[in-house]
Each structure stands twice: as C-alpha cells, then as structure tokens.
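Grab a pencil and work through the exercises below. Try each task yourself before you read its solution.

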Amino acid sequence: MSEAFYTDKARIRASFERAASSYDSAAVLQREVSDRMAERLSYIKHQPQVILDAGTGTGYGAAQLRTQYPEAQVVELDLAHAMLCASRERQRAGDGLLKKLFKRSQPWQVCADVERLPLADNSVDMIWSNLTIQWVNIPDSVFSEFERVLKPDGMLMFSTLGPDTLFELREAFGGIDHATHVNQFIDMHDLGDALMRVGFAEPVMDMDKIVLTYDKVRDVMHDLKAIGAHNATRDRSRGLMGKQAWRQVEASYEARRRDGTLPATYEVVYGHAWKSTLKKKGNTLPDGRQVIEFVKPGSWPGKV
C-alpha cells in the first residue's frame with residue numbers, strides 16, 4: 001500500500017471537529033446509508049444489551065439503534081469531541097418534557113479512535129459503524145479491535161466506501177499535479193479478507209452505488225467540506241490551487257453533465273460478521289516457545 005494512501009489522523013480529527021455544526025445539513029449520503037443498514041437489522045435475529053456505535057458522528061444512527069433496541073445501552077464513540085456534543089444536543093432536543101423532568105440520563109459517550117478502543121475485552125454485544133472505516137489506514141487494526149471488545153456471538157455491522165467512490169472528481173483532478181486530491185478507499189474483497197484474518201466468522205459483504213447530483217462542481221466540494229470529508233491522504237497538496245488549474249478541473253467534470261446535473265458516485269460497501277464462539281487453541285508452551293502443527297498433505301487438522 002503506497003504512502004499516498006495513508007490518511008493523516010490529526011487532519012481527520014480537526015476536519016470533523018470543524019464540521020460538527022454543518023454536518024447535518026449536508027450528510028444526505030450518511031443518513032441514507034444508515035437507513036439502509038437499519039433496515040437490514042430487521043432481518044437479523046439478535047438482541048444486544050450493549051451496542052457500540054463506532055463513529056457516531058452527530059448521532060443519527062445511535063437514535064435509530066435506540067429505537068430498534070429500546071432496552072439496550074448504546075455507547076456513542078467518535079474521534080471528534082464536537083461531534084459527540086452535537087449528538088448530545090440532538091438527543092436533548094428530541095426528548096419530551098417528561099423525559100427531561102424525570103429521566104435526565106446522558107448518553108454514554110467516548111471520544112476515541114476506532115483503532116484504539118478504550119473498552120474492555122468482551123464488553124459489547126454488537127458494533128455498528130456507519131461510514132467510518134474508510135478513514136483508517138489498515139482494516140486489520142480496526143477489525144482486530146472490534147473483535148476484541150465484542151462478546152462471543154457478538155455481531156459487527158458496518159458500512160464503508162469502496163474504490164469507485166468519487167471517481168468523477170478523482171479523474172477531473174487527474175494530470176493537474178502529482179499530489180492526491182481525493183481520498184482512496186479499500187476494496188470490498190480486501191475488507192472481507194481482513195475480517196477473516198482477525199477471526200470473524202461468516203462475513204457477508206455486498207455493495208451499492210449511490211449517485212448524488214449537483215448543479216456545480218463547487219457544490220460537490222462544498223458538501224464534502226460541510227461533512228468534514230477533506231482529502232486526508234499524506235501525499236495531498238498543501239497549497240492552494242491556482243485559477244487556471246481549477247478551471248481545468250471544472251471543465252473535465254463538466255463533460256459528465258447529464259440532464260442538467262453533475263453526478264457524484266459513492267460505492268457503498270456493507271458488511272456484517274459474527275465473533276466466533278470457538279476459542280483458539282493455545283499455540284505456545286509455558287516457557288513461551290511456539291508450537292507449530294504439521295498437517296498431513298491433503299488432510300485437514302484433526303483428520304487423517
């Protein structure tokens with residue numbers, strides 16, 4: 001994986017801190033994907049008591065989870081503190097007078113990185129993560145953390161973005177310079193492989209393409225800025241783009257105009273998997289030496 005792919009976590013945090021107040025006005029895609037994920041939950045038999053909303057944003061998905069599982073405790077986690085504050089205000093605004101008077105409990109919130117969860121092993125029954133995993137560099141790290149904090153038989157449900165996301169914008173910037181101008185995203189099959197590597201069982205992956213339409217190229221950029229989705233790759237340009245270069249980008253994007261609007265395509269990847277109840281066999285001796293099992297060619301372990 002190239003250095004250009006890697007995202008700058010400090011920039012991601014800062015972008016979402018600034019975008020907390022404008023996020024809801026532009027988060028059309030995030031709400032649509034959350035609705036589709038919530039619909040999928042109705043087909044899965046699972047009654048969690050503790051749910052982690054990993055990357056809660058302003059709490060839209062957390063509200064859906066509380067409705068779907070009214071007896072469950074939903075823990076909201078986000079990298080940006082301002083997002084958690086916005087979620088708390090959303091919940092306060094949604095509470096009726098009686099709830100405000102007689103039930104003044106605050107939502108459980110944690111400001112942390114999904115790749116370093118400050119939660120105990122085997123502490124949650126379900127993890128929900130809507131359009132957050134695309135901001136991590138190595139999927140194994142976040143999936144390993146998810147697997148660690150899930151209880152046996154716990155479920156992970158997530159959405160993220162695939163490589164074809166914003167391909168129109170990426171191609172419009174092509175040839176402008178050697179910098180990256182649009183975030184890059186991990187392929188669905190690589191995500192499925194990562195789930196298997198860290199020990200998840202029965203991973204199911206599928207994909208949708210959602211196309212938003214805009215009047216102007218600048219409107220696409222405005223919405224990305226409003227939700228905090230800045231280019232966070234390490235190889236991004238640090239300077240301002242000149243007028244001539246921007247006119248070139250606009251002209252390239254304009255060639256895609258159809259029926260009076262410009263498309264912005266999002267490849268949305270969905271996945272869910274279960275934490276296996278099978279405990280891994282010990283593979284070390286008391287003195288720390290590793291035990292390596294040799295398997296007879298053409299047979300499975302334990303079979304002759």
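A salt bridge is a side-chain nitrogen of Lys or Arg within 4 Å of a carboxyl oxygen of Asp or Glu. You're working with a predicted model, where local features need pLDDT of at least 70, side-chain atom pairs count only at pLDDT 80 or more, and totals for chains, interfaces and linings use all residues. Residues are numbered from 1 along each chain as its sequence is written, and side-chain values use heavy atoms, with hydrogens and water left out.

**Exercise 1.** Find the distance between the closest N and O atoms of E145 and R148, then place the pair in its helix.

*Solution.* Step one: those atoms are 2.8 Å apart, so by the cut-off E145 and R148 form a salt bridge. Step two: both sit in helix α7, three residues apart, which means about one helical turn lies between them. (Helices are DSSP runs of H or I, at least four residues, and strands are runs of E, at least two, numbered from the N terminus.) Step three: check exposure, where buried means under 20% relative accessible area, exposed over 50% and partly exposed in between (1.4 Å probe, protein chains only). E145 comes out buried at 14%, while R148 is partly exposed at 22%.

**Exercise 2.** Work out which parts of the chain the salt bridge between R197 and D140 links.

*Solution.* Step one: the N to O distance for R197 and D140 is 2.7 Å. Step two: R197 belongs to helix α9 (residues 188–197) and D140 to helix α7, so this pair, 57 residues apart, links distant parts of the chain. Step three: R197 is exposed at 53%, and D140 is partly exposed at 21%.

**Exercise 3.** E147 has no salt bridge; find how far away the nearest side chain of opposite charge is.

*Solution.* Step one: E147 is in helix α7 (residues 139–149), and E147 is buried. Step two: count Lys and Arg as positive, Asp and Glu as negative, and skip His and the chain ends. Step three: the nearest opposite charge is K275, 4.3 Å away. Step four: look for contacts (heavy atoms within 4.5 Å). Beyond four places in sequence, E147 touches V198, F200 and K275.

**Exercise 4.** Check whether the span of helix α11 (residues 243–254) agrees with its length.

*Solution.* Step one: the expected span is 1.5 Å times one less than the number of residues. Step two: for twelve residues that gives 16 Å, and the end C-alpha atoms of α11 are 16 Å apart, which agrees.
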